[in-house]
Amino acid sequence: MRQQQTKNSSNTYSARERIRIRKRQHSLAPVITILLCVLIGVFYNKVVLKFNRRMTPTNKISTTNKSAPNLYINSTNAILVDFENGTILFDKNGAAKMYPASMTKIMTAIVALEHIKDLNEKVFLDESIFWSIYNADAVTAGFVQGEYVRAIDLIYGLLLPSGAECAIGLAEYVSGSESNFADLMNDKAQELGMSGTHFINATGLHEEGHYSTAKDISVLLAYALKNDTFYEVFTSASHSSQPTNLHNDGITYYSTLFSNMSSGYFHGGSILGGKTGYTEEAGQCLASLAKKEGRCYILVTCGAQGAPKNRKTQNLHIDDAITIYTAIASID
């Protein structure tokens, strides 16, 4: 009997112990589940999302606007930057070497503005300035050899109609020669951290050693726009110079950008100003400023090549700007 009772007691004890173990296991189950969920979440965030971000094509805008998840443009290089905080919102080969064409004149303008104390000073346009311009069939603002022009009128002529005589005239006035002025341009580029840039001239006429990147030009434009005079000129649609010794009524010239746009408006905003550029090697280029839903953005595009017969007259760079600006999602 005692053996039987002992055996029964042992069985009873084992049964109770198994019940307690089961209860303990059941009570731990929610904790284990929560821990597994946390670990899975951490793995997903650290590994999967990071991998997906690396695999995202660089020609897609980071946007919550699901109606435009993919963005395709004519330009080979482009970068869109939030002007207020410097956040890059769109990047297509932004760090790749390209030829900046007349976007170069942004640097020419800001270096001249920082070295000329009185913008009402008269600058003499020597006949030698026009030799290279005519040979290269470069665009001019309309000034001629032997003319005395206010520095500020040359700044307007530089940025609005992209006058090559204005660029060289300012360069020689500041530094004595265009090559010396290019040294100042490169010094400023180095100061701004434009490591992918090297300037040889003040006009942007094509030379192999004269190059930049879309990202560097965006850095340059962001810096230049902080100068009040530059901002005023850059966002102007037209300007009339004061009378000169050779133009009694002065000259009125117009922004190449605004002249080629039927409207600067796009859905939710408008283009405030810009500097166009074109050479056969660079394609159509544009560095612009726009405002959308209360925020300002800088966009630089280059390398847009149209049909051979219409490369100068097509506005692929402007089309790209409208496309990209329109696709910007609201940023709180």
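**Exercise 1. Find how β9 and β10 pair, and place the pair in its sheet.**

Step 1. β9 (283-292) and β10 (295-304) pair in the antiparallel sense over eight bridges. Strands are DSSP E runs of at least two residues, helices H or I runs of at least four, numbered from the N terminus. Two strands pair if DSSP finds at least two bridges between them.

Step 2. Check one position: A290 stands opposite Y297 in β10.

Step 3. Read the sheet order: β2-β1-β10-β9-β8-β7, an open sheet of six strands with antiparallel pairing. β2 (88-92) and β7 (265-266) are at the edges; each has a single partner strand, so one side of each lacks a neighbour in the sheet.

This is a predicted model: local features need pLDDT of at least 70, side-chain atom pairs count only at pLDDT 80 or more, and totals for chains, interfaces and linings use all residues. Residues are numbered from 1 along each chain as its sequence is written, and side-chain values use heavy atoms, without hydrogens and water.

**Exercise 2. List the buried residues of helix α7 and their packing partners.**

Step 1. Take α7, residues 214-224. Its buried residues (under 20% relative accessible area, 1.4 Å probe, protein chains only) are A214, D216, I217, S218, L220, L221 and A224.

Step 2. Look for contacts (heavy atoms within 4.5 Å). These buried residues pack against β1 (77-82), α2 (104-115), α8 (228-234), β9 and β10.

Notes
Buried means under 20% relative accessible area, exposed over 50%, partly exposed in between (1.4 Å probe, protein chains only).
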